Every structure is written in C-alpha cells, then in structure tokens.
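Trainee: I should like to work through this structure with you, step by step. May we begin with the whole chain and then turn to its parts?

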Amino acid sequence: MAIEDVTLRYGDANGVLALDDVSLKVAKNEFCVIVGPSGCGKSSLLYLAAGLNDATSGVIKVDGREVIEPGPDRGMVFQSYTLFPWLTVRANIEYGPKRKGLPAEQRRQIVDQYLNEVGLAPFADHYPAQLSGGMKQRVAIARALANDPAVLLMDEPFGALDSQTRGTMQKLLLRVWERQQKTVLFVTHDIDEALVLGDRVLVMTARPGKIKAEIKVDIPRPRSMDVILEPDFIALKRRILGLLHDEIDEDH
Ligand SMILES: Nc1ncnc2c1ncn2[C@@H]1O[C@H](COP(=O)(O)OP(=O)(O)OP(=O)(O)O)[C@@H](O)[C@H]1O
C-alpha cells in the first residue's frame, strides 16, 4: 500500500489543513503503526485510505490501484463498533464473503475459521447487542479478516475498551496476525500498543500532520506482552515519547 504526497484540507482554501504532503509505504504483510499527537490527522489519513473521504491532493494505492471509494481490498476496524446490529455474529462475519458471491460451504468454513480464531464460536448465533465491547471488536476483526483484504485499516480499535480488555485484545491480535500475516495500517495514541504490535512505528507531527520519524521495531516475534519490560522496548518507547513531547511542546 502506498500513500503518495497526500494533503487534506477540510472545507475551503481557508479551512483546516489536516494533512500536509504525507507519503508512506506499507510493505506486504507488514504491521505498520501510526502514532501522533491528538488532532494530527491520524484518523483522517485512515479515512482517506478507506476511501471514505477524498484527499485534496495526492494519491493512495493498494496493490497499484488508486483508492477512490471503499472496497473489499481494504478491511476496516474502527473504534466505534461498526457491526450490523440486525445480523448475528455469524452473519456479520459472513457478510463480506457473501457479497463476494462465495458458495455457502466455503463461507461456512471461512466463518468457522475466524470464529475460532477470535474465540467466539459459542457466540455465533448471538446479536451484537448481546456482546461486550471486547467481543464486538473481536467480531469486527473476524469480519474484516474473513473478507481477505489486501490491507487491514485499524483506527484505535481498542480505544473504547477498559485496560484489561485492551491487553487481551492486543494479545489476540498479535496471535491472529502472526498466523495470518496481513498487511496492517494501525492508528493508536498508545505507545506500548504501537511497540507491542508493530514492525514499524511512524510518528506524526502535530497538525498539520506529516510523518516526523520512522522507528523500526526489531523486537523478535512471536512477542508476548512481557516485551514491555525489556530494555530494548523501553529504549524505543523513550525515543517515541521524546518525539511526541517535542511536538506537544512546540504546539503550546
Ligand atoms: N470533518 C471535519 N471537518 C473539519 N475539520 C475536521 C474534520 N475532521 C477532522 N477535522 C480536523 O482535522 C484535524 C485532524 O483530525 P483527526 O481526527 O484526523 O486527528 P487524529 O489525529 O485522529 O486525532 P485524535 O488522536 O484526537 O483522534 C483536527 O484538527 C480536526 O479538528
């Protein structure tokens, strides 16, 4: 996936400049994380990549094709739960494969695989309203993966969860990603989360957002949550915190 010279201004020529000439590439099967101060344009960038908004200038390409609208090549998991409330867990996960016209037996296999992957097989026939926040996000992840997207776009997917559930979800995503090897662009303001999950962390400047620094996370996989105690991890965290503090200081 390639984001090339993307600028985004909301409203007219005097409107808010949210993104200023942002370029980045996410390699196949790479887990790339974006962190940045509040309001720097992280969500705006993911919305553009999802095809939910148009850039003022620049292009975004997935497998060489320009993004002009939402499509099944990009799976989305956002902070607010975006499940279809009138469909069961199974039907939510089956939605993408059904739209693709896959035969019923293949759909069943795919749905069963991802239900198991996120530990929700016993809840297949429940409706979203009967699930906790963490369970809903697990369905959202299963639903996005079941569609076999080229890129998974995740915008603060665990932001609304309590810290314990958040940790559980990070572990689950680590495990699923290490098995499924998807290309992921993940936005968070949580540095631990960024370093536990990512192969690379991009730090953005305060608004208008630009890419300020790129940090490779050379922590071996499979990773456990215990990596946060290791000196290499703490050194990377300190570096990112420094970069973010500079941004916040400059902004005030
Ligand atoms: N629809 C909109 N119209 C006008 N301005 C907007 C719109 N959406 C976002 N903005 C502005 O663009 C900037 C970037 O917003 P965005 O939500 O992308 O930032 P963010 O980095 O995701 O923030 P946070 O971490 O707080 O969620 C902000 O200043 C915001 O106020």
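**A guided reading of the model**

Trainee: How many helices and strands does the protein chain have?
Mentor: Please keep in mind that this is a predicted model. Its C-alpha atoms fill a box of roughly 55 × 45 × 30 Å along the principal axes. Within the protein chain, the count is seven helices and 10 strands.

Trainee: What is the radius of gyration of the protein chain, and what would a compact globule have?
Mentor: A compact globule with 252 residues would have a radius of gyration near 18 Å. The value for the protein chain agrees with that expectation, because it is 18 Å.

Trainee: What share of the contacts with a separation of 6 or more joins residues 24 or more positions apart?
Mentor: Let us take burial beforehand: 39% of the 252 residues count as buried. As for the contacts with a separation of 6 or more, the share from residues 24 or more positions apart is 70%.

Trainee: In what order do the four strands of the open sheet lie?
Mentor: Start from the edges: β2 (17-25) and β5 (65-66) each pair on one side only. Strand β1 (residues 2-9) is joined to β2 by five bridges, and the two run antiparallel; within this pair, V6 has V22 as its bridge partner. The pairing in the sheet is antiparallel, and the order is β2-β1-β4-β5.

Trainee: Is the pairing of β7 with β6 and with β8 parallel or antiparallel?
Mentor: β6 and β7 pair over five bridges, and G75 has L152 in β7 as its partner. Five bridges also join β7 to β8, where the partner of M154 is F186. The sense is parallel for β6 with β7, and for β7 with β8 it is likewise parallel.

Trainee: Which residues of β7 are buried on each of its faces?
Mentor: β7 is mostly covered, with five of its five residues buried. Both faces are covered: on one side lie V151, L153 and D155, and on the other lie L152 and M154.

Trainee: How far apart are the end C-alpha atoms of helix α4?
Mentor: Helix α4 (residues 133-146) has 14 residues. At 1.5 Å a residue, the helix should span 20 Å. The model agrees with this, because the separation of the end C-alpha atoms is 20 Å.

Trainee: How many residues of α4 are buried, and what covers them?
Mentor: The buried residues of α4 include M135, I141 and L145, and also charged-letter positions such as K136 and R138. The elements that cover them include β6 (74-78), α2 (89-99), α3 (104-117), β7 (151-155) and α5 (163-180). The number of buried residues is 12 of 14.Trainee: Which element gives the largest share of the largest nonpolar core?
Mentor: In soluble globular proteins, nonpolar side chains tend to be buried together. Here the largest nonpolar core holds 68 residues, and those touching the most other members are V33, A49, Y114, A142, L153 and L185. The largest share of this core is eight residues, and they come from α4.

Trainee: With which residues is Y114 in contact, leaving aside its neighbours within four places in sequence?
Mentor: Y114 is among the core residues that touch the most other members. A142, another of these, is also one of the contacts of Y114. The full set is I93, A142, L145 and A146.

Trainee: Why are the buried residues of α5 on the same side of the helix?
Mentor: The buried residues of α5 are R166, M169, Q170, L173 and W177. They lie on the same side of α5 because they cover an arc of only 105 degrees around the axis. An α-helix has 3.6 residues a turn, so residues three or four places apart point the same way. The value that places them on one side is thus the arc of only 105 degrees.

Trainee: Which residues are exposed on the other side of α5?
Mentor: The buried residues of α5 are covered by elements including β3 (31-35), α4, β8 (183-187) and α6 (191-197). On the other side of α5, the exposed residues are Q164, E178 and R179.

Trainee: What phi does the residue just after α5 take?
Mentor: Just after α4, D148 takes a positive phi of about 50 degrees. Just after α5, the residue is Q181, and its phi is positive, at about 50 degrees.

Trainee: Is D226 buried or exposed?
Mentor: D226 lies in the loop between β10 (211-216) and α7 (231-251). Its C-alpha atom is separated by 9.1 Å from that of V196, 30 residues apart along the chain. A residue counts as exposed if 12 or fewer other C-beta atoms lie within 10 Å of its own. Because D226 has 9 such neighbours, it counts as exposed.

Technical notes. Residues are numbered from 1 along each chain as its sequence is written. This is a predicted model: local features need pLDDT of at least 70, side-chain atom pairs count only at pLDDT 80 or more; totals for chains, interfaces and linings use all residues. The expected span of a helix is 1.5 Å times one less than its number of residues. A residue is buried if 20 or more other C-beta atoms lie within 10 Å of its own, exposed if 12 or fewer, and partly exposed in between; C-beta atoms are placed from the backbone. Two residues are in contact if their C-beta atoms, placed from the backbone, lie within 7 Å. The arc is that of the directions from the helix axis to the C-beta atoms. A nonpolar core is a set of buried Ala, Val, Leu, Ile, Met, Phe, Trp, Tyr and Cys residues joined through C-beta atoms within 7 Å. Two strands pair if DSSP finds at least two bridges between them. The radius of gyration is taken over C-alpha atoms; the globule rule is 2.2 Å times the number of residues to the power 0.38.
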